[in-house]
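Please open the model in your viewer, with the sequence panel alongside, and follow the stops below in order.

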Amino acid sequence: MATMDLEYLKAKLIMQRREIFSRQQNLDEGWQELSQRDIEMEEEAQKVEVSEIFNQLDLREQRQIEEIDQALSRMDSGIYGICEGCRKNISPERLQALPATPYCVECSDKYRET
Ligand SMILES: [Zn+2]
């Protein structure tokens, strides 16, 4: 897969991930409260809050986040775009449409993904 496509899909995945979290954040009114004086604790606090938010997501959204994380780690390992079912390349059209998918069309039917 061309590096440019990979970069593009990676950006897309990160954006999708952010959107899922921010959708939840908007529902959670207590979210906006990271005060300035807690700046040293900020990183730790964000970690906690992210995992709290994660727990508030519905199962479908949690699964989306997991798929996105897995896709991102496959990108890091250089095995992105290879079907986890049959080890063939997933078509670029499918990756454009569903960048987080671990399966090609045939295996997706087989494993009933999404
Ligand atoms: Zn496959």
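The expected span of a helix is 1.5 Å times one less than its number of residues. Keep that rule at hand for the second stop, and bear in mind throughout that this is a predicted model.

Begin with the whole chain, coloured by confidence if your viewer allows: the average pLDDT is 83, and 76% of the residues score at least 70. In cartoon view you should find five helices and zero strands, and of the 114 residues, 12% count as buried. Among the elements, helix H2 (residues 42–56) has the lowest mean pLDDT, 73, whereas H3 has the highest, 95.

Next, select H3, residues 59–77. How far apart are the end C-alpha atoms of H3, and what should its 19 residues span? At 1.5 Å a residue the expected span is 27 Å, and the end C-alpha atoms lie 27 Å apart, so the two values agree.

Staying on H3, show Glu67, Ile68 and Ala71, which are its buried residues. Looking down the axis of H3, you will see these buried residues fall within an arc of 100 degrees, and they therefore line one face of the helix. Now turn to the face directed away from that buried side, where the exposed residues Leu59, Glu66, Ser73, Asp76 and Ser77 are carried.

Select Ile65, also in H3. Is Ile65 buried or partly exposed? Ile65 counts as partly exposed because it has 17 C-beta neighbours inside 10 Å, while the cut-off for a buried residue is 20 or more. Leaving aside residues up to four places away in sequence, Ile65 touches Arg17, Ile20, Phe54 and Leu57. Add Ala100 to the selection as well: Ile65 and Ala100 are 35 residues apart in sequence, yet their C-alpha atoms are 9.1 Å apart in space.

Follow the backbone out of H3 to Gly78, just after the helix, where phi is positive at about 75 degrees. Continue to Arg87, which sits in the loop between H3 and helix H4 (92–97). Arg87 also has a positive phi, near 65 degrees, although it is a residue other than glycine. Most residues other than glycine have a negative phi. Arg87 is exposed, with 10 other C-beta atoms within 10 Å.

For the last stop, select Leu9, Ile90, Leu95, Tyr103 and Cys104, the five residues of the largest nonpolar core. Centre the view on Leu95, which touches Leu9, Gly81 and Ile90 when residues up to four places away in sequence are not counted.

Note on methods:
Residues numbered from 1 in each chain as written. Predicted model: local features only at pLDDT ≥ 70, side-chain atom pairs only at ≥ 80, totals over all residues. Core = buried A, V, L, I, M, F, W, Y, C linked by C-beta atoms within 7 Å. Contact = placed C-beta atoms within 7 Å. Helix = DSSP H or I, 4+ residues; strand = E, 2+ residues; numbered from the N terminus. pLDDT = per-residue confidence, 0-100. Arc of directions from axis to C-beta.
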